[in-house]
Amino acid sequence: MTVTETTAIPEQNDVSSGSNPQQTIDVRNLKLRLQGPAGIVEILKGVDLSLNAGERVSLVGPSGSGKTSLLMVIAGLEQAQEGVVNVCGNDLRALDEDGLALYRRHHVGIVFQDFHLIPTMSALENVALPMEFAGRKDAFEKARAELELVGLGHRTDHYPGQLSGGEQQRVALARALATDPELLLADEPTGNLDGATGETIIELLFDLTKRRGSTLLLITHDPSLAERCDRTVMLRDGEIVSQLESRA
Ligand SMILES: Nc1ncnc2c1ncn2[C@@H]1O[C@H](COP(=O)(O)OP(=O)(O)OP(=O)(O)O)[C@@H](O)[C@H]1O
């Protein structure tokens, strides 16, 4: 890995319209404050981060450094108080709740460490759900095809409780990618899996995002996994302290 500039601010002109189609993520001077038990705490303290379309970037840093918080802001699930948050051409800070819901539905897929599947729905229903929300008439056919792609064509009627951890994460991955999002956000997707199962999930995740040209932002505590991305961004105490480009 080679060290590059830490927080160089990209040249920009028209941010509000997301005028640079090359950039999937354009975050500048992002500040996030949340209510903690002892009052308001500044969690993100002026973060600058750009991801080009199709880029794979890992986000690393000590526990509590703000990785998940940054991902939540980019996912439109947490609202920053200051800065620019432009993702997939959307100025997230300018969107209301309905606008954010639409943004999430059409542009982003998210995979969490603990799968977040709905236990009372089958694998097929879980994968179809976001497409049904998006009004797609072919939701169930597409869900079936996505489950085939992750190797679970024979498990479509199983409920999450009837699937192994690795199988549940495959379902979650199929669900996240079913709407063909430009951006996949993954928060420690192998954190609850054993090494071999985690490796299979990562291979699938890399393969499927590459085939579709999706941009990937991946939170991980695994340095060898981080190095397999194009770039590794390190957060510490709410600030980006380094960005390392992979050699490959
Ligand atoms: N809803 C919240 N309200 C108040 N503080 C919060 C909230 N969510 C997170 N925090 C605090 O923000 C800080 C950053 O948390 P975050 O989960 O983003 O860190 P992280 O780098 O993802 O950590 P880990 O690697 O352990 O998952 C922590 O100090 C945490 O306690």
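Select S69 to begin: an N or O atom in its side chain lies 2.6 Å from an oxygen atom of the ligand. Keep in mind as you go that this is a predicted model.

**Stop 1: around the ligand**

With S69 still on screen, add K67. An N or O atom of the K67 side chain is 2.7 Å from an oxygen atom of the ligand. Now add T68, and this time show the backbone, since a polar backbone atom of T68 sits 2.9 Å from a ligand oxygen. How much of the ligand does the protein cover? On its own the ligand has 640 Å² of accessible area, and the protein covers 59% of that.

Next, widen the selection to the residues around the ligand. There are 13 of them, and those that come nearest are S63, G64, K67, T68 and S69. Try colouring the shell by residue type: you should find 8 polar, 3 nonpolar and 2 charged residues.

Which elements supply at least two residues each to this shell? They are β2, residues 23-36, and α1, residues 67-74. Colour α1 brightly, as α1 gives the most to the shell, with 3 residues.

**Stop 2: the sheet**

Stay with β2 and follow it away from the ligand. Show β3, β2, β5 and β6 together, and you will see an open sheet of 4 strands in exactly that order, with antiparallel pairing. Why do β3 and β6 have one side without a neighbour in the sheet? β3 (39-52) and β6 (90-91) stand at the edges and each has a single partner strand, so one side of each is left free of a neighbour.

Now look at β2 and β3 by themselves. A hairpin joins β2 to β3 through 2 residues, and the two strands pair in the antiparallel sense over 11 bridges. To see one place where they face each other, select D26 and look across to S50 in β3.

Then switch to the other partner, β5, at residues 82-87. β2 and β5 also pair in the antiparallel sense, over 5 bridges. Two spots are worth picking out here: V27 stands opposite V85 in β5, and R28 stands opposite V84 in β5. Leave V85 highlighted for the moment, as you will meet V85 again in the lining of a cavity.

**Stop 3: a cavity**

The structure holds 2 cavities of 30 Å³ or more. We will visit the second largest cavity, with about 30 Å³ of space. Which residues line it? Select V73, G76, E78, Q79, A80, V85, L92, R93 and L100. Colour them by type and the lining divides into 5 nonpolar, 2 polar and 2 charged residues.

**Stop 4: the largest pocket**

For the last stop, select R104, V108, I110, P130 and R175. Of the 17 residues that line the largest pocket, these lie nearest its centre. The volume of this pocket is about 530 Å³. To find the elements that give two or more residues to its lining, show α2 (97-107), β7 (108-111), α3 (123-133) and α5 (165-177).

Finish by colouring this lining by type, as you did for the shell and the cavity. What is the division here? The lining of the largest pocket has 11 nonpolar, 3 polar and 3 charged residues.

Technical notes. Residues numbered from 1 in each chain as written. Predicted model: local features only at pLDDT ≥ 70, side-chain atom pairs only at ≥ 80, totals over all residues. Heavy atoms only, no water. Near = heavy atom within 4 Å. Polar contact = N/O pair within 3.5 Å; in protein donor to acceptor, adjacent residues only side chain to side chain. Areas by Shrake-Rupley, 256 points an atom, 1.4 Å probe, with all protein chains shown as cover. Nonpolar A, V, L, I, M, F, W, Y, C, P; charged D, E, K, R; others polar. 1 Å grid on protein atoms, 1.4 Å probe; cavity = no way out; pocket = protein on both sides within 12 Å on 5 of 7 lines; lining within 4 Å. Points joined across faces, edges and corners; volume = space filled by probe spheres on them. Pairing = 2+ DSSP bridges.
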